[in-house]
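The exercises below are meant to be worked with the structure in view. Try each task before reading its solution.

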Amino acid sequence: MLKPFLILSSVLLTGAIASLLQAQQAATPAPPAASPAAPAAFSVPLEAVNQVNPMKPNAESLARAKKIYGYECALCHGEDGGGAGDLAKNMKAKMPDFRDPTALKGQTDGTLYYVINKGKGEMEGEGARVKPDDTWNLVNYIRSFSKLQAATAAQGPS
């Protein structure tokens, strides 16, 4: 007769302890969730910033870059460099308008090369997909958008 009593007592005691622990956990405020780490500020290494573009922006260079830009960059940055490519619109991503002369002001060719090659933020870098000379050509091509815009504005309305 003692055995059933001990079994029943231990089951009730276990249930009571579990209830108390559960009540205590519910009453204790949860520690604040760890906030996601703020993204590190984007910085380009000084040696990259100071790189000089070895490619001259001639017709051949720009034509080659235009082709690469068309299949690697235009989806986000837009065919005209205005930053309104289809993917950017779908992602609601804010892209720079390369047609605006102030968009790249203060950016060295080395900085642009680094960003194209390594990426920045959500932008994946081109890395090995684009040869170094072609990446430099892309730098020239991207810069050509604002020059084209300035030339068009200087001509005045048609």
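**Exercise 1. In which helix is Ser 146 found, and is Ser 146 buried or exposed?**

Solution. The model is a predicted one, and the first step is to place the residue along the chain: Ser 146 is found in helix H7, which covers residues 132-155. The second step is to compare its relative accessible area, 16%, with the cut-off for a buried residue, which is under 20%. Because 16% falls under that cut-off, Ser 146 counts as buried.

**Exercise 2. Which residues does Ser 146 touch, leaving aside those up to four places away in sequence?**

Solution. With those sequence neighbours left out, Ser 146 touches Phe 98, Arg 99, Asp 100 and Pro 101. Take Pro 101 next: Ser 146 and Pro 101 are 45 residues apart in sequence, yet their C-alpha atoms are 5.0 Å apart in space. Finally, turn to the side chain of Ser 146, which reaches the backbone oxygen of Arg 143 at 3.2 Å.

**Exercise 3. Which element gives the most to the largest nonpolar core?**

Solution. Begin with the core itself, which has 17 residues, those with the most contacts inside it being Tyr 69, Phe 98, Leu 138 and Val 139. The elements that give two or more residues to this core are helix H3 (59-72), H6 and H7, and H7 gives the most, with six residues. As for Val 139, its contacts beyond four places in sequence are with Asn 53, Asp 109, Leu 112, Tyr 113 and Ile 116. As a general background, nonpolar side chains tend to be buried together in soluble globular proteins.

**Exercise 4. How many residues of H6 are buried, and what share of the lining of the largest pocket comes from H6?**

Solution. H6 is mostly covered, since seven of its 10 residues are buried, namely Gly 110, Thr 111, Leu 112, Tyr 113, Val 115, Ile 116 and Asn 117. Just after H6, Gly 119 takes a positive phi of about 95°.

Now consider the largest pocket, whose volume is about 810 Å³. It is lined by 28 residues, and those nearest its centre are His 77, Met 95, Val 115, Lys 120 and Met 123. Two or more lining residues come from each of helix H4 (74-77), helix H5 (86-91), helix H6 (109-118) and strand S2 (123-124), and the largest share, four residues, comes from H6. Sorted by class, the lining of this pocket has 17 nonpolar, four polar and seven charged residues.

Definitions and conventions. Residues are numbered from 1 along each chain as its sequence is written. This is a predicted model: local features need pLDDT of at least 70, side-chain atom pairs count only at pLDDT 80 or more; totals for chains, interfaces and linings use all residues. Side-chain values use heavy atoms; hydrogens and water are left out. On a 1 Å grid over the protein atoms alone, a cavity is a set of points where a 1.4 Å probe fits but cannot get out, and a pocket is an open set with protein on both sides within 12 Å along at least five of seven lines; lining residues have an atom within 4 Å of a point. Grid points are joined across faces, edges and corners, and a volume is the space filled by probe spheres set on the points. Ala, Val, Leu, Ile, Met, Phe, Trp, Tyr, Cys and Pro count as nonpolar, Asp, Glu, Lys and Arg as charged, and the others, Gly among them, as polar. Buried means under 20% relative accessible area, exposed over 50%, partly exposed in between (1.4 Å probe, protein chains only). Contact means heavy atoms within 4.5 Å. A polar contact is a pair of N or O atoms within 3.5 Å; within protein, one must be able to donate a hydrogen and the other to accept it, and residues adjacent in sequence count only if both atoms are side-chain atoms. A nonpolar core is a set of buried Ala, Val, Leu, Ile, Met, Phe, Trp, Tyr and Cys residues joined through side-chain atoms within 4.5 Å.
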